[in-house]
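Visitor: Please take one part of this model and look at it closely. What is it made of, and what lies around it?

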Amino acid sequence: MLNYEKTLKSVSALVRQAAKIVKSRDFTVEEKSTKDDIVTSADIGVQTFLCDKLKKLLPESGFLCEEKHLSDVNHDYVWVIDPIDGTTNFSRNINECAISVALLYRRKPVIGAVYAPFLDFIFTAADGCGAKLNGKPIRTSDKAFDNSLFCTAMSLYKKEYAKVCNDIIFETYMQCNDFRRFGSCAVELCYLAAGKCDLYFEIRVFPWDYAAAYLILKEAGGVLKGLNGEELLFNKPTVLVGANNAENYKKLEEIVGKYLKSTPYYEEL
Ligand code: IPD
Ligand code: CA
Ligand code: CA
């Protein structure tokens, strides 16, 4: 059996090494599916570096990574990697972007590391061992719904879902304190874990966006599920509803369920 805490230390060290590629800010930009969907040479550099080192760390493992359609998931252990979450921020010199690495064991996250190099925040968790920010334990906030800060987004890559997002965001906004759109799902979920914000909704996110942060948030006492309270499967894009505690999760889930009856897409990775 793998020692998760020890492996997490090695992963954190590798993620910090990979961040040198990001910090150099030396990159070129290419468009992917649409003009809004970009990849930089730094994304590719980080992913290549991490895949090589993580395969050496755990030779029997597979990979699910955002770039180059890398999906080799028929293994007990699978690394789920977003080399840069928040690429648009990165390309515009905005600090909210992060390298996100999770290790799944039989489809459940057991290790998570999210490193935001320009903020020097490293969020980490190993299954059953709590969540940390720069080595110090973190917990979700105890804010009530009407005092909550809500992180969200508007379906950037599929603008046909923007209207329903707008309805959900508007109703939530009217019942909470305020909302934010930082532009990195991984960072926002880690902010939720650390009590910097309290609610999260996004209509279509991929396992590499949230797998590491899912474990960090769960270990910090938070809740993160799909639509109608579905447990996350880490093998396809999903709706994400998250909160600092079960009570606020239920309230947000009710608002989301009012406007979104079923997931409006289906893709297996
Ligand atoms: C995106 C960011 C963004 C979220 C999108 C993601 P990327 O990831 O996490 O905050 O709203 O859904 O795709 O493309 O920057 O890796
Ligand atoms: Ca991402
Ligand atoms: Ca990315």
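Guide: The part chosen here is the largest pocket, to whose lining β2 (38-40), β3 (62-65), β4 (70-72), β5 (77-85), α3 (87-91), β13 and α6 (207-219) each supply at least two residues. Helices (H or I, at least four residues) and strands (E, at least two) are DSSP runs, numbered from the N terminus. The model is predicted, with local features needing pLDDT of at least 70 and side-chain atom pairs pLDDT 80 or more, while totals for chains, interfaces and linings use all residues. Residues count from 1 along each chain as written, chains are lettered from A and ligands numbered from 1 in written order, and side-chain values use heavy atoms, without hydrogens or water.

A pocket is an open set of points on a 1 Å grid over the protein atoms alone, where a 1.4 Å probe fits, with protein on both sides within 12 Å along at least five of seven lines; lining residues have an atom within 4 Å of a point. In the largest pocket, 38 residues form the lining, and K32, D37, E66, Y157 and W208 lie nearest the centre.

One of the contributors, β13, leads into a sheet. This open sheet has 5 strands in the order β12-β11-β13-β15-β14, with mixed pairing; two strands pair if DSSP finds at least two bridges between them. At its edges stand β12 (178-180) and β14 (223-225), each of which pairs on one side only. On average, neighbouring strands are turned by 15° against each other, direction ignored (axes are lines fitted to C-alpha atoms, for helices over the stretch in contact, and angles between N-to-C directions run from 0 to 180 degrees).

Strand β13 (residues 199-205) runs parallel to β11 (residues 149-152), and 3 bridges join them. Within this pair, C151 stands opposite Y200 in β13. Helix α5 (residues 185-193) packs on the sheet, where it touches β11, β12, β13, β14 and β15 (238-243); contact means heavy atoms within 4.5 Å. The direction of α5 makes about 155° with that of β13. Helix α7 (residues 246-259) also packs on the sheet, touching β11, β13, β14 and β15, and its direction makes about 140° with that of β15.

With β15, β13 pairs in the antiparallel sense over 5 bridges. Here Y200 appears again, standing opposite G242 in β15. Strand β15 is mostly covered, as 6 of its 6 residues are buried (buried means under 20% relative accessible area, exposed over 50%, partly exposed in between, with a 1.4 Å probe and protein chains only). T238, L240 and G242 point one way from β15, while V239, V241 and A243 point the other way. β15 also runs antiparallel to β14, to which 3 bridges join it. In that pair K225 is opposite V241 in β15.

The second largest pocket can be set beside this one. Its lining has 14 residues, and E5, L8, K9, T124 and K132 lie nearest its centre. At least two lining residues each come from α1 (4-23) and β8 (121-126), and α1 gives the most, with 5 residues.

Two arginines remain to be noted. R25 sits in the loop between α1 and β1 (29-31) and has a positive phi of about 55° although it is not a glycine. Its relative accessibility is 28%, so R25 counts as partly exposed. R106 lies in the loop between β6 (98-105) and β7 (108-116); its phi is positive too, at about 45°, and it is not a glycine. R106 counts as exposed because its relative accessibility is 56%.
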